[in-house]
Amino acid sequence: MDSVTVNCRQNGKKISRDVYGHFSEHLGRCIYGGFWVGKDSDIPNINGYRKDVVEAFKELEIPNLRWPGGCFADEYHWRDGIGPYETRKKMINTHWGGVVEDNSFGTHEFFGLCEALGCKPYVNGNVGSGTVQEMSEWVEYITFGGESPMSRMREANGHKAPWKLPLFCVGNENWGCGGNMRPEYYADLYRRYQTYVRQYGPDKIFKIACGPNAGDFNWTDVVMKNAAQFMDGLSLHYYTVDPDWNTREVAGKFEEKGWYSMLAKASWMEHLVETHSKIMDKYDPEKRVALVVDEWGTWHKVEDGTNPGFLYQQNTVRDALVAGITLNIFNNHCERVRVANIAQAVNVLQSPVLTEGNKLIKTPTWYVFHMYKTHMDADQLDSFVVTDWVGPEENKRVKAVTSSASTKDGSYTVTLTNADLDNARTVTVKMDGLEKISSASAVILEGEKMNSMNTFDKPDAVVEKKADCKVDGNVVTVTLKPRSVLALQVKA
């Protein structure tokens, strides 16, 4: 029998709601056909925003949305996406699919989308092909409420009042598609560019520096050493990818080895978070600078018959386990991980939502975010797991059960994952510090098969359902079915 002990005595740590953020890039059908269909579309929309997509994300209560990229950010010139649609520049999206980008979705449309979603805007600035002046004037255009050429231009384009800009990243993947820079060079560029990301008025702009690719610990060391005092956050990008990139398969076609190898790759996030945090501690022992994991998730081979540059992939219960394991890791390291964004929101990579024509499906990943949302802005609680290692090979073995826990408004949330492909796990959850549990309830997400998924023909094959739980004093016993994620709600 597996066990989880939750220390219900608060430790002073809080799980930032911004850990549950999402990412929208001008890539494939994420923006166009995903969030944005235009006001003249036959698909039901709210001022051009696809109604069913907006409603799906509002149900998740998403805290923030990152835009315009991704690699696209460092070739995006914001002036191309303002003003009358008919005068906006058309360009080829050279990064993603070689299709025409007509810039009909730009700054005004993005901030309008965030207003419709009720979430914070998170903007990525262009360092790779942009100038200091361009970035400075974009920030002024967005946030300045006084008299200036940029504020007058914004008003002429239909929005007199400035917007708030809570999150801003200076560049994206500048070690790669954002300019192939060395960390020493980027650190100096960051110091320069962030100087001109002015804060107009009382609303703080949380400035984020481009951080490392996965296990590039030297990047973190160099950038923190040279620029930590000028940043509020440092980004980290890590994708859960089959170890052999060239033999990747589509999301729904894999064998037992593929199940465990992907979950082992997802679990490596804990090593990355702990190691990068330790390096950051050298220069920021007070943990003022957040680790911002603003690109994470699975990256499978694209679905057959789709544009390889659109990164469209299906989403199975295996992806749900990746999401559950990863979010548990973020919750358990909330003192450093305070912003995160799964890649990407709609129709790209590990999407919570997929669309096809006027149809929409919520993927297993959507349900994990729905089950975990009570963690947002909750007080984190330490949890200790006793479990087995499962998997066929030493380097593909994973912990059968993972957990994270929090408390808010007098109730407790414990989220659990079972990576065991074949076996149910009976788990006792002891709420240490509570004398007695007055009530408990649980929901579970499971797959009948390891590649179970929701399709447009069968949209409800993998959905959360009520699960049984048994209370005895301050202990709850639950059954984690094979291939499952469970969320437990407890009241004292």
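Trainee: In this predicted model, is Arg336 buried or exposed?
Mentor: The cut-off for buried is under 20% relative accessible area. Arg336 has a relative accessible area of 1%, so the residue is buried.

Trainee: Which residue does Arg336 meet in a salt bridge?
Mentor: The N to O distance of the pair is 2.6 Å. Arg336 sits in the loop between helix H9 and strand S13, and its partner lies 55 residues away in helix H8. That partner counts as partly exposed at 25% relative accessibility. The residue is Asp281.

Trainee: How does Asp18 count, buried or exposed, in its salt bridge with Lys120?
Mentor: The closest N and O atoms of Lys120 and Asp18 are 2.7 Å apart. Lys120 belongs to strand S8, while Asp18 is in the loop between strand S1 and strand S2, 102 residues apart. Lys120 is partly exposed at 32% relative accessibility. Asp18 has a relative accessible area of 7%, and therefore counts as buried.

Trainee: With which side chain does the side chain of His237 make a polar contact?
Mentor: His237 lies in strand S11 and is buried at 3% relative accessibility. Among the residues it touches are Arg66, Trp175, Asp294 and Glu295. The polar contact spans 2.6 Å and is made with the side chain of Asp294.

Trainee: What is the orientation of helix H7 to helix H8?
Mentor: The two helices pack with their axes 4 Å apart, at an angle of about 15 degrees. Angles under 35 degrees count as roughly parallel. H7 and H8 are therefore roughly parallel.

Terms used: Residues are numbered from 1 along each chain as its sequence is written. This is a predicted model: local features need pLDDT of at least 70, side-chain atom pairs count only at pLDDT 80 or more; totals for chains, interfaces and linings use all residues. Side-chain values use heavy atoms; hydrogens and water are left out. Buried means under 20% relative accessible area, exposed over 50%, partly exposed in between (1.4 Å probe, protein chains only). A polar contact is a pair of N or O atoms within 3.5 Å; within protein, one must be able to donate a hydrogen and the other to accept it, and residues adjacent in sequence count only if both atoms are side-chain atoms. Contact means heavy atoms within 4.5 Å. Axes are lines fitted to C-alpha atoms, for helices over the stretch in contact, and angles run from 0 to 180 degrees between N-to-C directions. Angles under 35 degrees count as roughly parallel, over 145 as roughly antiparallel, 65 to 115 as roughly perpendicular and the rest as oblique. A salt bridge is a side-chain nitrogen of Lys or Arg within 4 Å of a carboxyl oxygen of Asp or Glu. Lists of a residue's contacts leave out its neighbours within four places in sequence.
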